[in-house]
Amino acid sequence: VNPMKKRSDLFRALTVQVAAHAIVVSGASMLLSHPALETMQRLGWASFAAVGALGIFWISVAVFEKGFGIVSDGTLLELCSPDSKLIHELNLRAPGTYAHSVGVGNLAENAARDIHANAVLCRAMAYYHDIGKLTRPSYFVENQAGANVHDDMSPVLSAKVVSAHVKDGVELARSNKLPQAVIDGIQQHHGTTLIKYFYSRALDQGLATEESEEEFRYAGPKPQTKETAILHLADMAEAACRTVASSKDIAPIVHDLIEGSRADGQLDECDLTFRELQIIEASFVHSLSAVRHERVAYPDQEVSDHAGTEPADNSSEQVINPS
């Protein structure tokens, strides 16, 4: 049956089973000199048995997933659907976070495929890694349309609010009965990284010291698997590269982020190799450059009913921007 990512995979498995049964039945009938009519009947029953076996398998997958905490690609793909409850709610209430999660999913899936990790799991974890922001969506910059609420808050409190989205996400995931593999991604996607922005503000305001740095770190744990490590790196890379002015700046930013995470010990507990980190870095740069590619600048076009006539005021002059 593997890989089982779409319905056509089930029909492929059914076709293989029917063909195999037909060969066995035909060979046995020839050896035992069965009449043609009896052979046809046996072929019919063999085909029916193939359908039954596939049905038993499909039911067994659901039973094993629930009983042993195993998650199949089919379940992960269902979770990635825009119609999934939490994903739909994230899109409505925190559209900036949703867009970020989709971007992280693209990065993580491509990188996982390049190093032969579980690409479907990486995408599913990416889609749900920030669902904790549903609790307070306006406290995160990607969802803010006006003033930043953190401007009037203590950086110590701001850091606690920001870091709480991991705990809130785990609680939401468990209440919605998400697989443990996805919950692990939510817990580990920040590792024990430092919330640098608010830590720096707290230092400037005299509200923190170098000794109190641990208070501004996420609770962790650090990424434990290749997939959660890829998610951790993709999350940082996608967010950081949203601010770049040119695609030429992407490669050094991604390199610095990965090296910084490694130097900070965030990758110490997973089994990524240096070679795989190089492949992940190259994959991120390729994917982000494709998204941030430069566009040809179109000349301004003045919209006026009378060509060559000076417009009465600036408000009558429009620029057509195809992008």
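**Exercise 1. Start in helix 10: place Thr228 and list what touches this residue.**

Thr228 sits in helix 10; helices here are DSSP runs (H or I, at least four residues), numbered from the N terminus. Before going on, note that this is a predicted model, where local features need pLDDT of at least 70, side-chain atom pairs count only at pLDDT 80 or more, and totals for chains, interfaces and linings use all residues. Residues are numbered from 1 along each chain as its sequence is written, and side-chain values use heavy atoms, with hydrogens and water left out.

Step 1: is Thr228 buried or exposed? Its relative accessible area is 2%, so Thr228 counts as buried. The cut-offs are under 20% for buried, over 50% for exposed and in between for partly exposed (1.4 Å probe, protein chains only).

Step 2: look for contacts, meaning heavy atoms within 4.5 Å. Setting aside neighbours within four places in sequence, Thr228 touches Met125, Asp184, Gly185, Gln188 and Pro223.

Step 3: take Asp184 from that list. Thr228 and Asp184 are 44 residues apart in sequence, yet their C-alpha atoms are 7.6 Å apart in space.

**Exercise 2. Find the buried side of helix 9 and say what it packs against.**

Step 1: pick out the buried residues. In helix 9 these are Phe198, Tyr199, Arg201 and Ala202.

Step 2: check where they point. They cover an arc of only 160 degrees around the axis, so they lie on the same side of helix 9. That arc is taken from the directions from the helix axis to the C-beta atoms.

Step 3: turn the helix around. The face of helix 9 turned away from the buried side carries the exposed residues Lys196, Tyr197 and Asp204.

Step 4: find the partner. The buried residues of helix 9 pack against helix 7 (155–175).

Step 5: see what comes next. Gly206 follows helix 9, and its phi is positive, near 75 degrees.

**Exercise 3. Classify two aromatic pairs that involve helix 9.**

Step 1: know what to look at. A pair of aromatic rings is described by the distance of the centres and the angle of the planes. Rings of Phe, Tyr and Trp (its six-membered ring) pair if their centres lie within 6.5 Å; planes under 30 degrees apart are stacked, over 60 edge-to-face and the rest tilted.

Step 2: how many aromatic pairs does this rule give? The count comes to 4 aromatic pairs.

Step 3: try Tyr197 and Phe198. Their ring centres are 5.1 Å apart and the planes stand at 80 degrees, so this pair is edge-to-face. Tyr197 is exposed at 56% relative accessible area, whereas Phe198 is buried at 9%.

Step 4: now Tyr199 and Phe216. Here the centres are 5.4 Å apart and the planes are at 55 degrees, so the pair is tilted. The pair links distant parts of the chain, with Tyr199 in helix 9 (residues 196–204) and Phe216 in the loop between helix 9 and helix 10 (226–240), 17 residues apart. Both Tyr199 and Phe216 are buried.

**Exercise 4. Work through three salt bridges, then find a network.**

Step 1: apply the rule. A salt bridge needs a side-chain nitrogen of Lys or Arg within 4 Å of a carboxyl oxygen of Asp or Glu. That gives 14 salt bridges.

Step 2: look at Glu109 and Arg113, whose side chains meet at 3.1 Å, N to O. They are 4 residues apart in helix 5 (residues 95–114), so about one helical turn separates them. Glu109 is buried at 15% relative accessible area, but Arg113 is partly exposed at 43%.

Step 3: go to Lys133 and Asp130, a salt bridge with its closest N and O atoms 3.3 Å apart. Lys133 is buried, at 9% relative accessibility, and Asp130 is buried too, at 1%.

Step 4: try Arg262 and Glu259, where the closest N and O atoms of the salt bridge are 2.8 Å apart. They lie 3 residues apart in helix 11 (residues 250–263), about one helical turn. Arg262 is partly exposed at 33%, and Glu259 is partly exposed at 30%.

Step 5: which residues do shared salt-bridge partners join into one network? Glu213, Glu214, Arg217 and Asp264 are the ones.

Conventions:
Helix = DSSP H or I, 4+ residues; strand = E, 2+ residues; numbered from the N terminus.
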